Each structure stands twice: as C-alpha cells, then as structure tokens.
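Subject: Structure handover

Hello,

Please find the structure below, as promised. My notes on what was found in it come after it.

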Amino acid sequence: MSTIVLITASFLRISVPIYASYRSRKARPMNQKTLRFLEQVSRFGSMRKAAENLNISSSALNRQILALEEDVGMPLFERLPRKLRLTAAGEVLVAHAQAVERDYRLTMGRIAALKGMERGTIRLSTMGGLIYGPLLTLACEFIRQHSRMLVRVEIQPSPEAIAARVMSGESDIGLGYNILPNPGLRILQAIDVEIGAVVAPDHPLTQKPALRLSDCIQYPIVTGTDTMAIRSVMDHAFASAELPLQPTVETDSIEVIKQFAMSGSAITFLNPFDISAEAERGALIWLPLVERYFPIPSLRLVVRSKGVLETAAARLAENIKSQMSVYSG
C-alpha cells in the first residue's frame, strides 16, 4: 500500500506542474502525430534512428520535440553523450501517447468491424408503393455491400400497422406516410411530399405551363383500389375540387399504376419520391398542380424510442435518411 501511495504522489508532483505549465502558456494542442514523434524518440533513444523509422529528417523531428518541450515548459529528454533518456515529465507524456495510440487502434478496429458487418437480420416495415422507389435501390446497394445480412421487407397496409410493429420490436425500422407521433417512436426523418400528376414524357399535359386538376380529367386516369391510401387521397382531392373522379383503371399495385402511366395510356397522381427511379431514367415525369386540393402527406422514418439499433440496422436507417433528405422540401 505504501509503495502505491509513493508512486501516486510522485506522479502527481510531476504531472500537475506539467498540466499547469501547459495551460498557463496556452500551448498548442498535442495531436496524435506529435505524440507519435515523442514515443518514437523515446523508443529508439536516438533522434536519428527515430527519424529514419518515421521517414523524416532528423532536423525536422528535433524541431518537433523542441517545440513540444517549449509548450510543456519542461525538458522531456536528458541529452546524454550517446543517447536520449526520458525525464520524469517525458515519461508522463509518453504514457499518455501510448494510451492515445491504444484508443486509436481500438476505435479503428471498431470501424473495421462496422465495414465487415456481422450476420443478422434487419426488419423493415413499409408501404407497398415505397419499395418500388428509392428504397429498393438503397436495399439493393446495401445487400451488395453486406451480403451476409438478411434484409426482411414487410409490406404493411397502413401507417398504424407500421407503427405497431416498430413499437412492439417486431420491426427495426418503419417507413411510411402519415405515421402519427407516439411516445413509443423516435422519428429519424420526416419530409413533406407534394402530390402531383404523373405522366409519360411525351404526354400533352407536359406542355401546360400551369397545370390544374380540371385539365387532368380530360385523360384516362389509373388509380389504386379502395384498399390503398393513394385512392382515399385522390377521392378527397377531387371532391374538394368538385370534380368527378372516373378512373379508367383500378389496381391494388403501385407498380401497375406506374406501368400504365409510363405507357402513356393513362395518367395518375403520386409524389416525386414514389417515382424517383422512373424519373431518373426518363420514363415518367412529375408535374406540380396549381391548386392545393391534395393533402401533403408526411413521409416518416421511425424506430423505437427505447433501445439502440444494431449496427447494420442503424447503417441502413442512415442511408434511408440521407436519401429522404434529397427530396425534402
């Protein structure tokens, strides 16, 4: 016990003056490079040998050590005829340098583990229409990078169902329109997405400088069935505009809706996020409407409010969040 007390006291007698001197001089921060220089000189006991190992000139290394000693306000080495020997102050700083190096290696090891990703399953609950947009591209890119992970995409019929599965822990991530705020959920990202007309690139409506809903009813319309959220949105918009909604095609598949629109045989109404992949390759065009009959849905990315996502799920959630930011506003 007495030995430990003596060592601790000795350490304090050395380290406290160093710290006080360092603070009083308002010294430059000791970065990892500087600490590595110090540790190498300590290891070799020679400025020349340490410089050769670091692949720098002896004079440059000597200037770094002298500058560090000036910052600390105490000599770090005893200049003996044949070697350099650490002073008590130097021993304190070298111990610190070695601790920094250990922490750095540990951190880089954790980052390397993130790159490798362990095996596991990521469960994502979303709506049918979203999986055909940028979410599909993100999922494909993710599994190319992390082929050992299983991404389970679960299509839910409503935002309430998505919220319930995330809160119960049955799903890791939820993505859907108009998911209501809840103490059991944490919203990672939310963007408002305006609904407009979706047409083929050569459709006559693309020539309209200011498109109105009344312009659209002159053409065949493809809609979702009553089981789809987009249908209730369209019913509301047309009722607000006091216009009849007389669809030519009804389907419960968002992909089929987009196929009809791409063919030019019908138009539909979606948001830019829904058709991002088709718009990028020039297969569909999104046209804003002058009137605001359509409610503006909020697309929300959610996770459980309690607990922490596993590494892989957190990475996928961050990728989705970044993609949503592209369409924000």
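**Strands S3, S4 and S5**

Thr 126 stands opposite Ile 155 in S4. The strand that holds Ile 155 belongs to a pairing of S3 (residues 120-126) with S4 (residues 149-155), parallel in sense and made over 7 bridges. Two strands count as paired if DSSP finds at least two bridges between them. S3 is also joined to strand S5 (residues 173-177) by 3 bridges, and these two run parallel. On that side, Ser 125 has Gly 174 in S5 as its bridge partner. As a general point, side chains in a regular strand alternate between the two faces of the sheet.

Met 149 lies in strand S4. With a relative accessibility of 9%, Met 149 counts as buried; here buried means under 20% relative accessible area, exposed means over 50%, and partly exposed is in between (1.4 Å probe, protein chains only). Met 149 and Thr 121 are 28 residues apart in sequence, while their C-alpha atoms are 5.9 Å apart in space.

**Basis of the values**

This is a predicted model, in which local features need pLDDT of at least 70 and side-chain atom pairs count only at pLDDT 80 or more, while totals for chains, interfaces and linings use all residues. Residues are numbered from 1 along each chain as its sequence is written, and side-chain values use heavy atoms, with hydrogens and water left out.

**The protein as a whole**

The protein has 12 helices and 12 strands, taken as DSSP runs (H or I, at least four residues, for helices; E, at least two, for strands) and numbered from the N terminus. Of its 329 residues, 41% are buried. The exposed area is about 18,200 Å², and carbon and sulfur atoms supply 54% of it; accessible areas come from the Shrake-Rupley method with a 1.4 Å probe, and for residues only the protein chains shown count as cover. Among contacts (heavy atoms within 4.5 Å) between residues at least 6 apart in sequence, 72% join residues at least 24 apart.

**Salt bridges**

How many salt bridges does a search of the whole structure find? The search gives 13, where a salt bridge is a side-chain nitrogen of Lys or Arg within 4 Å of a carboxyl oxygen of Asp or Glu.

One of them is formed by Glu 69 and Arg 79, with the closest N and O atoms 2.9 Å apart. Glu 69 lies in helix H4 (residues 58-72) and Arg 79 in strand S1 (residues 77-79), so this salt bridge ties together parts that are 10 residues apart in sequence. Glu 69 is buried at 10% relative accessibility, whereas Arg 79 is partly exposed, at 42%.

Another salt bridge is formed by the side chains of Lys 258 and Glu 278, at 3.1 Å from N to O. Lys 258 is in helix H10 (residues 254-263) and Glu 278 in helix H11 (residues 276-280), so the pair ties together parts that are 20 residues apart in sequence. Lys 258 counts as buried at 0% relative accessibility, and Glu 278 counts as buried at 3%.

Salt bridges that share partners also join Glu 154, Arg 165 and Glu 170 into one network. Within this network, the closest N and O atoms of Glu 170 and Arg 165 are 3.5 Å apart. Glu 170 is partly exposed at 40% relative accessibility, and Arg 165 is partly exposed at 22%.

Regards
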